[in-house]
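What follows is a walk through one protein model, taken in stages from strand pairing to metal sites, charged pairs and a pocket. Please keep the structure in view while reading.

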Amino acid sequence: MNDINRRQLLTAGAAALAGAVLPRSLFGARAAGSETLLLETPLLETRRSAGLIEARLESVVKPLSVAGQQVSLMTYNASAPGPILRLREGDAVRLTYTNRLTQPSNLHLHGLHISPQVDLPLLEVAPGDSHVYAFELPKGSSGTHWYHPHVHGNVAAQMAAGLSGAMIVSGPMDAMPELVAAEEHVLVLKDLALQGSAIKSHDMMDWMNGQEGELQLVNGQLKPTLRAQKATLRLRLVNASNARYYRLKLEDHPLYLIATDGGFVEKPVMLEELLLAPGERAEVMVQLTREGSFKLQNLPYKRGTMMMGGMGGMGGMSRGMNMGGSSADAAPVTLLTVVAPSNPKPTPLPTGFASLERLDVGAAVATRRITFSEQMMQAQFFFNKKSFDAKRIDFSGKRGTLEVWELHNTSDMDHPFHLHSYPFQIIDRNGVPEPYRAWKDVVNLKKNDLVRIAVPLRDFTGLTVYHCHVVEHEDRGMMGTLEVRA
Ligand code: C2O
Ligand code: CU
Ligand code: CU
């Protein structure tokens, strides 16, 4: 969506605000034949006045239609995924969250560099209660972010039931003509595990591996079709799944990576495929050079999960092998079909974006080591051999300093590591320098990986967390605390 359309929508939203709850099912809209047209997720209604933007989000259980059946989901404002929160750099935001569930929840604004004293990961909002998140979006916040619940122990179940939404922050670079000329779509990748017509509850395997659902949905829809009006696309991708990895490939077309978790890279990076771990975001551009239908596929990816053997129960488990035909990861899965416009003439891609700050790793005041491990059979996961304890401070840092964190995965499974509030840059992986500079807040570690990241503890003091973004692992102990002092 270009900026003018966006402004019209925001204005329309401002006029219509009040309750801000817009019951709308995203699912099941069908075009002629069996084609499901991709629906854009609704924008969150906002009220904008003199640089202050106000909005309301409410977590509430609603029956929605998913892939042709009615399922009782946990939603934000009766929508799953939740409505898109569109903001701009420099905005002062007042976001009122109300919990209409029967269990504690809260809101985490994943990807924003805002104070941990605002984005309180340890806050519990009791059923019926509200909490106001008030913050300003600093320069450099632009990018594709998202929001989801964060009460320790409840995250996996609440996200599996549908709670998450995209949050888009625009900044000056979004006005580049090459970006404005492209057709923009936000694609929230979120799988769903059903048991009959209800959300499947977690079993032991789900707690070990992280739950993957058989329905690989895009914006809540199963295998929708995107009929492109333009030949150049800008896709904002959010992996909002509990545990599923997406190894994305678009048939016959390279993906031009223009942004990672924390906004634009320095220049587009051409990729044949893109791996998106849970919690990660990426923006890619696509140039459709000929007419036709092209599948956006999720290719098989082995992340070292435990599989149940066909016979022998627990004794027959093996890692990373597809036994008993139960794994969905054996073959590519079509997520979305892109239909090119007739006689497509792609507009040019941007040649470059602003250069990114080079962090001076030599000036780091502290080097920290975080070792990942697990006790698979108990579904317990650890950082530095410890399970999460909200009352324990694992790391204590000083505001305004740079730290180097060495992440070492000694477990047998991939883990996507995430730090709140303080975006970082990847220095190297197993001694190999990162090929391009980028701001990140999630980095995936395969078995045996040693990844070094540079973490500037800028601007804010407070207590926050880092954790594995396979949210079952987070709920089962793989989280630590960071206190940043003045
Ligand atoms: Cu999406 Cu604590 O994270
Ligand atoms: Cu986060
Ligand atoms: Cu993990």
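Two strands are taken to pair if DSSP finds at least two bridges between them. With that criterion in hand, and bearing in mind that this is a predicted model, one can begin with strand 35 and strand 36 (residues 479-485), which pair in the antiparallel sense over 6 bridges. Within this pairing, L463 stands opposite E483 of strand 36. Strand 35 also pairs with strand 30, again in the antiparallel sense, through 3 bridges, and here F417 has C468 of strand 35 as its bridge partner. Of the 7 residues of strand 35, 6 are buried, so the strand is largely enclosed by the rest of the structure.

These strands lead directly to a metal site. The copper ion (ligand 3) is coordinated by H415 through ND1, C468 through SG and H473 through ND1, at 2.0 to 2.1 Å. Along the sequence these donor residues follow the spacing H-x52-C-x4-H. Because H415 belongs to strand 30 and C468 to strand 35 (residues 462-468), the pair ties together parts that are 53 residues apart in sequence. Both H415 and C468 are buried.

Which protein atoms serve as donors to the copper ion (ligand 2)? They are NE2 of H108 and NE2 of H418, lying 1.9 Å from the ion. H108 is found in strand 6 (residues 108-110) and H418 in strand 30 (residues 415-419), so this pair ties together parts of the chain that are 310 residues apart in sequence. H108 is buried, as is H418. Strand 30 is thus a recurring element, since H418 of this strand is a donor to ligand 2 and H415, which also lies in strand 30, is a donor to ligand 3.

Elsewhere in the chain, 7 strands form an open sheet of mixed pairing, in the order 14-13-10-16-21-18-19. Strand 14 (221-222) and strand 19 (263-271) stand at its edges, and because each has a single partner strand, one side of each is left without a neighbour in the sheet. Strand 19 is joined to strand 18 (residues 255-260) by 5 bridges, the two running antiparallel, and among the paired residues A259 has F264 of strand 19 as its bridge partner. Before strand 13 (215-218) in the chain comes a loop from helix 4 (204-209), and E212 is placed in that loop. E212 is partly exposed, at 23% relative accessibility, and its C-alpha atom is separated by 6.7 Å from that of D191, a residue 21 positions away along the chain.

The charged side chains add a further set of connections. Side chains of opposite charge can pair when their charged atoms come close. The count of salt bridges in this model comes to 32. One of them joins the side chains of R247 and E273, with 2.6 Å from N to O. Since R247 lies in strand 17 (residues 246-250) and E273 in the loop between strand 19 and strand 20 (274-276), the pair ties together parts that are 26 residues apart in sequence. R247 is partly exposed, with a relative accessible area of 24%, and E273 is partly exposed as well, at 33%.

A salt bridge also links D252 and R290, with an N to O distance of 2.6 Å. This pair, 38 residues apart, connects the loop between strand 17 and strand 18, where D252 lies, with the loop between strand 21 (281-287) and strand 22 (293-299), where R290 lies. D252 counts as exposed at 55% relative accessibility, whereas R290 counts as partly exposed at 44%. In a further salt bridge, the closest N and O atoms of E406 and R369 are 3.0 Å apart; E406 is in strand 29 (residues 401-409) and R369 in strand 26 (residues 366-375), 37 residues apart. R369 is partly exposed, at 39% relative accessibility. Beyond such pairs, R86, D174, E184, R234, R236 and E283 are linked in a network of salt bridges.

The last feature is the largest pocket, which has a volume of about 610 Å³. Its lining comprises 24 residues, of which K139, G140, S141, G262 and W439 are the closest to its centre. By residue class, the lining of the largest pocket divides into 9 nonpolar, 10 polar and 5 charged residues.

How values were computed. Residues are numbered from 1 along each chain as its sequence is written. Chains are lettered from A and ligands numbered from 1 in the order in which they are written. This is a predicted model: local features need pLDDT of at least 70, side-chain atom pairs count only at pLDDT 80 or more; totals for chains, interfaces and linings use all residues. Side-chain values use heavy atoms; hydrogens and water are left out. On a 1 Å grid over the protein atoms alone, a cavity is a set of points where a 1.4 Å probe fits but cannot get out, and a pocket is an open set with protein on both sides within 12 Å along at least five of seven lines; lining residues have an atom within 4 Å of a point. Grid points are joined across faces, edges and corners, and a volume is the space filled by probe spheres set on the points. Ala, Val, Leu, Ile, Met, Phe, Trp, Tyr, Cys and Pro count as nonpolar, Asp, Glu, Lys and Arg as charged, and the others, Gly among them, as polar. Donors are N, O and S atoms within 2.8 Å of the metal (3.2 Å for Na, K and Ca); water is not among the atoms, so sites may look incomplete. Helices (H or I, at least four residues) and strands (E, at least two) are DSSP runs, numbered from the N terminus. Buried means under 20% relative accessible area, exposed over 50%, partly exposed in between (1.4 Å probe, protein chains only). A salt bridge is a side-chain nitrogen of Lys or Arg within 4 Å of a carboxyl oxygen of Asp or Glu.
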